[in-house]
Amino acid sequence: MSDTIKKREEVKLVTVPSPYLVPERNAGKALVLEANHLGIDFGGLTAVDDFNLGMSQNEITGLIGPNGAGKTTVFNLLTKVYQQSRGTIFLDGKDTMGMSSTQVNQAGIARTFQNIRLFDKLTVEDNVKIGLHNSINYHMWEGVFRLPVYWKEEKKAHERVLELLSIFDMADMADKPAGSLPYGAQRRLEIVRALATKPKVLLLDEPAAGMNPSETAELMDNISKIRDEFGIAILLIEHDMNLVMGICEGIVVLNFGRIIAKGTPSEIQNNPVVVEAYLGKSHENKNSGASGTSDEDAKKASGDDAHKSNNRKKGGKR
Ligand SMILES: Nc1ncnc2c1ncn2[C@@H]1O[C@H](COP(=O)(O)OP(=O)(O)OP(=O)(O)O)[C@@H](O)[C@H]1O
Ligand SMILES: [Mg+2]
């Protein structure tokens, strides 16, 4: 286990003047992302309900739960792929109600996707440059006529792309078509492209999916490094429990669209409701006793056998 991981385990969660839990080092800081009573229905299906989350800068939070629990839907709500049916989302204190995906990205939320979405035929560099579009400062006609300001801005963009790619040691791949990269490198490229938009909040949807154990370990260190260097809030959906428990200070557990528990990694691992709903029975035998900070909903979820039997897979979609 790396030093980074050992350090994370020592972090405690404390309440801020609201129902949210943040790492103790962030107790005095304003929330950069705040979701209150968020919910969405698709026809008769309530995919997410009463979702509450507060995050400050410089914080990694895990969002876990069984397949179909509503994790990606939370990301789709935060990034305005869907407008919420209920509740509010504040980014840096600003209500994002009615914003488009582009507007919310410009305001500071960037994401990666569960299924990789790169422009395969474009180079790695051009894929990252798409993320930089908010910070490139020349008018269309200055580009069309290749005026000096165009070359100056392009040079700046090129240098910035290489700098961002070097986070993942990928600078030497800049001129390769994105589609020719190995799978793990494509996942890393998506993170780089998201970072290029200068987010305050970065949402990562299963970044380790399809990676081998050594790539996953490297990714863990890199996510911690990104948080430290950029000082941003990172919300991480992941089924790889080593990754989640290793780098997240706080974890939120969803089941059937509702939060069933919030807490530190050790609280979550020892929470019987979470073990029952997601982590699996074998885990329960090893960790009987202590329970994490669970919401009211935990009681409901734990008593609902119909819901449990609907969980398609417990603890491991790759
Ligand atoms: N656009 C949509 N229309 C109808 N139902 C949807 C839509 N998007 C999501 N759902 C449903 O909402 C529920 C939550 O889906 P979601 O993709 O958020 O789950 P998840 O927790 O990300 O699961 P996984 O771990 O498999 O990725 C599922 O029942 C899904 O079928
Ligand atoms: Mg998903």
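## Strand E9, its sheet and the ligand shell

Strand E9 (residues 201–205) and strand E10 (residues 233–237) run parallel and are joined by 5 bridges. The model described here is predicted, and this report begins with E9 before turning to the sheet and to the ligand.

**Strand E9 and its partners**

Two of the residue pairs that link E9 to E10 can be named. Leu202 has Ile234 of E10 as its bridge partner, and Asp205 is matched in E10 by Ile237. E9 also pairs with E8, again in the parallel sense, over 3 bridges. In that pairing, Ile109 finds its bridge partner in Val201 of E9.

The table lists these three residue pairs.

| Residue | Bridge partner | Strand of the partner |
|---|---|---|
| Leu202 | Ile234 | E10 |
| Asp205 | Ile237 | E10 |
| Ile109 | Val201 | E9 |

The chain passes from E9 to E10 by way of a helix: E9, helix H8 (residues 213–230) and E10 form a right-handed β-α-β unit.

**Burial of E9**

Is E9 buried or exposed? The strand is mostly covered, with 5 of its 5 residues buried. In a regular strand, side chains alternate between the two faces of the sheet. For E9, one side carries Val201, Leu203 and Asp205, while the other carries Leu202 and Leu204. All of these residues are buried, and both faces of the strand are therefore covered.

**The whole sheet**

E9 belongs to an open sheet of 6 strands, arranged in the order E8-E9-E10-E5-E11-E12 with mixed pairing. At the edges stand strand E8 (109–111) and strand E12 (258–263), each of which pairs on one side only. From one strand to the next, the twist averages 20°.

Helix H11 (residues 272–279) lies across three strands of the model, namely strand E5 (59–64), strand E11 (250–255) and E12. Relative to E12, H11 runs at about 125°.

**The shell around ligand 1**

Which residues are the closest to ligand 1? Of the 13 residues that surround this ligand, the closest are Phe42, Ala47, Asn67, Thr72 and Thr73. Strand E4 (45–55) and helix H2 (71–78) each contribute at least two residues to the shell. H2 gives the most, with 3 residues.

In chemical character, the shell around ligand 1 comprises 4 nonpolar, 7 polar and 2 charged residues.

Terms used: Residues are numbered from 1 along each chain as its sequence is written. Chains are lettered from A and ligands numbered from 1 in the order in which they are written. This is a predicted model: local features need pLDDT of at least 70, side-chain atom pairs count only at pLDDT 80 or more; totals for chains, interfaces and linings use all residues. A residue is near a molecule or strand if its C-beta atom, placed from the backbone, lies within 6 Å of it. Helices (H or I, at least four residues) and strands (E, at least two) are DSSP runs, numbered from the N terminus. Ala, Val, Leu, Ile, Met, Phe, Trp, Tyr, Cys and Pro count as nonpolar, Asp, Glu, Lys and Arg as charged, and the others, Gly among them, as polar. Two strands pair if DSSP finds at least two bridges between them. Axes are lines fitted to C-alpha atoms, for helices over the stretch in contact, and angles run from 0 to 180 degrees between N-to-C directions. Two residues are in contact if their C-beta atoms, placed from the backbone, lie within 7 Å. A residue is buried if 20 or more other C-beta atoms lie within 10 Å of its own, exposed if 12 or fewer, and partly exposed in between; C-beta atoms are placed from the backbone. A crossover is right-handed if, with the strands pointing away from the viewer, the path from the first strand over the helix to the second runs clockwise.
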